Every structure is written in structure tokens, then in C-alpha cells.
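Reader: I'd like to practise reading a structure feature by feature. Could you take me through one, starting with how the strands pair up?

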Amino acid sequence: LEAIVKGITDLREHKTLISYRYIHPLNTGRPQYLSIESLLRKHPYISRSGNNILKIEQGVWFINENLLIPPGFTLHIEKGTTLKFSESSIFVTSSATRFLGTNEQPIVLEPIADKWGGFASLEAGASVWKNVRVNKALNINKNGWELTGGVTFYKTDIELEGLSINQSLGEDGLNIVQSAF
């Protein structure tokens, strides 16, 4: 694959080859999703709108355990929202995501302290991330389940605009695997 990226300092477009090799550890030790009712009880900052929409309202939310969104929904995060994760917490979804920040009010995923467990979207519906900042994410490594990216999209078509990955602590900052982007 070949990607065209725009340089931050020189604003020129640069072409770069992207390796398409990926280890497939997606099921060994993978955390199990809770029922939607259990998810909403454990994470009161998430609300349900209709049958298939989950929403995280604007605010700063501290997450001290895994945030696991089951398939069959679309997760919306409001602009200006910050999710702060404990070091051992991961954010995994098999539902589409709509993270629609703005330049003035980005969506931020970051640690409470020095680092957090990372994000993965696995076999989810088409997703959109605009003006999202991901800070100090490790690669997911839980109970023998390991992904190499701090942010991973696997079989999830993703539209990215204004994504910023800062001080990534994983092997890779971003992995997009078998996904249109």
C-alpha cells in the first residue's frame, strides 16, 4: 500500500509505502463484551438513544476499567469530550464510532497519569473520527491478547480528519488493517 501524507513542517505531500503484514492475535485472550444493560450500569456517562445509538456527553470522564462497546450500535462522542483512562484500562469497540470533535473542541483520549491501555475498533461499521487527540496510548496487551498499535482499526472502514497521536507508547501509533481509509 502507498499512503500520501502531508508534512507538518514543510506542508508538502510525501508518498510512503505501508507494510501490509499483520499478526492475527485478535481472539486469543480478547475481553468479552458485557450486555448493553451491564455496560450502561458500569459506565453511567454513556446513554442510550433509541435502539442503536450510544452517546458519551461532553465532559471529562475518568475511566478506571475497560470500556468495551459490543456490536450492533453506533457510539457518538460529543465535541469537547475528554476520556481519561487508568493505566490498565483499554477502549475496545465492535460498533461504529462517530467521534466528531472540532479544532476548538477536540475529543481527547488520554491517560489519568502517564499512560493508558490503548484503543481498538474491531470489525465495526464504517466510522468517522474528526479532530481527535490520542495521547500516551500503549499497545493493547491483556491476558495474552496483544495488538501492536496504540490505536487499531481492524476490518473497520474509517474516515480520519485531524487525528493527532501524541507520545505513542506502543510499537505503532496507528494500525489500520483490512480497512478502507
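Author: Start with a strand pair: look at which way the two run and how many bridges hold them. In this predicted model, β13 (residues 127-130) and β18 run parallel and are joined by four bridges.

Reader: Which residues stand opposite each other in that pair, for instance what faces S127 and K130?

Author: S127 stands opposite I158 in β18, and K130 has E161 of β18 opposite.

Reader: What about strand β10 and its link to β13: how many bridges, and parallel or antiparallel?

Author: Three bridges join β10 (residues 96-100) to β13, and these two run parallel. Within that pairing, F99 has W129 of β13 as its bridge partner.

Reader: In which order do the strands of the sheet lie?

Author: Once you have the pairs, walk across the sheet. Here you get an open sheet of six strands, in the order β3-β4-β7-β10-β13-β18, with mixed pairing. At the edges stand β3 (46-49) and β18 (158-161); each has a single partner strand, so one side of each is left without a neighbour in the sheet. From one strand to the next, the twist averages 20°.

Reader: And how should I think about the side chains on a strand?

Author: In a regular strand, side chains alternate between the two faces of the sheet. After that, ask what a given side chain touches. Take W129: leaving aside neighbours within four places in sequence, W129 is in contact with T97, F99, L109, F119, V134, V151, F153, I158, E159, L160, E161 and L163.

Reader: Which residues have the most contacts inside the largest nonpolar core?

Author: That core has 27 residues, and L67, F91, F99 and W129 are the ones with the most contacts inside it. At least two residues each come from α1, β4, β6, β7, β8, β11, β14 (132-135) and β17 (149-154). There's also a second, separate core of 10 residues, with L68, I90, V92 and L147 among them.

Reader: What does the chain look like as a whole, in helices and strands?

Author: The protein chain has one helix and 20 strands. Of its 181 residues, 44% are buried. The exposed area is about 9500 Å², with carbon and sulfur atoms supplying 48% of it. For contacts, look at sequence separation too: among those between residues at least 6 apart in sequence, 56% join residues at least 24 apart.

Reader: Let's do charged pairs. How many salt bridges does the structure hold?

Author: Five. When you meet one, check the distance, then ask where each partner sits. K42 and E65 are one such pair, their side chains meeting at 2.8 Å, N to O. K42 belongs to helix α1 (residues 36-42) and E65 to the loop between β5 (60-63) and β6 (67-69), so the pair ties together parts that are 23 residues apart in sequence.

Reader: Are K42 and E65 buried, exposed or in between?

Author: K42 is partly exposed, at a relative accessible area of 41%. E65 counts as partly exposed too, at 34%.

Reader: Where do the partners K55 and E78 sit?

Author: Their side chains form a salt bridge at 3.0 Å, N to O. This pair links distant parts of the chain, with K55 in strand β4 (residues 53-56) and E78 in the loop between β7 (74-77) and β8, 23 residues apart. K55 is partly exposed at 28% relative accessibility, and E78 is partly exposed at 26%.

Reader: And which strands do K84 and E110 link?

Author: That salt bridge is 2.7 Å, N to O, and it connects K84 in strand β8 to E110 in strand β11 (residues 107-111), 26 residues apart. E110 is buried, with a relative accessible area of 17%; the cut-off for buried is under 20%.

Reader: What does F62 touch?

Author: F62 is in strand β5. Not counting residues up to four places away in sequence, F62 touches K84 and I112, so K84 turns up again, as the salt-bridge partner of E110.

Reader: One last residue: is S86 buried or exposed?

Author: Don't assume from the element alone. S86 lies in the loop between β8 (82-85) and β9 (91-93), and at 13% relative accessibility S86 counts as buried. Its contacts, leaving aside neighbours within four places in sequence, are I63, N64, E65, I112, K115, W116 and G117.

How values were computed
Residues are numbered from 1 along each chain as its sequence is written. This is a predicted model: local features need pLDDT of at least 70, side-chain atom pairs count only at pLDDT 80 or more; totals for chains, interfaces and linings use all residues. Side-chain values use heavy atoms; hydrogens and water are left out. Buried means under 20% relative accessible area, exposed over 50%, partly exposed in between (1.4 Å probe, protein chains only). Contact means heavy atoms within 4.5 Å. A salt bridge is a side-chain nitrogen of Lys or Arg within 4 Å of a carboxyl oxygen of Asp or Glu. Accessible areas come from the Shrake-Rupley method with a 1.4 Å probe; for residues, only the protein chains shown count as cover. Two strands pair if DSSP finds at least two bridges between them. Axes are lines fitted to C-alpha atoms, for helices over the stretch in contact, and angles run from 0 to 180 degrees between N-to-C directions. A nonpolar core is a set of buried Ala, Val, Leu, Ile, Met, Phe, Trp, Tyr and Cys residues joined through side-chain atoms within 4.5 Å.
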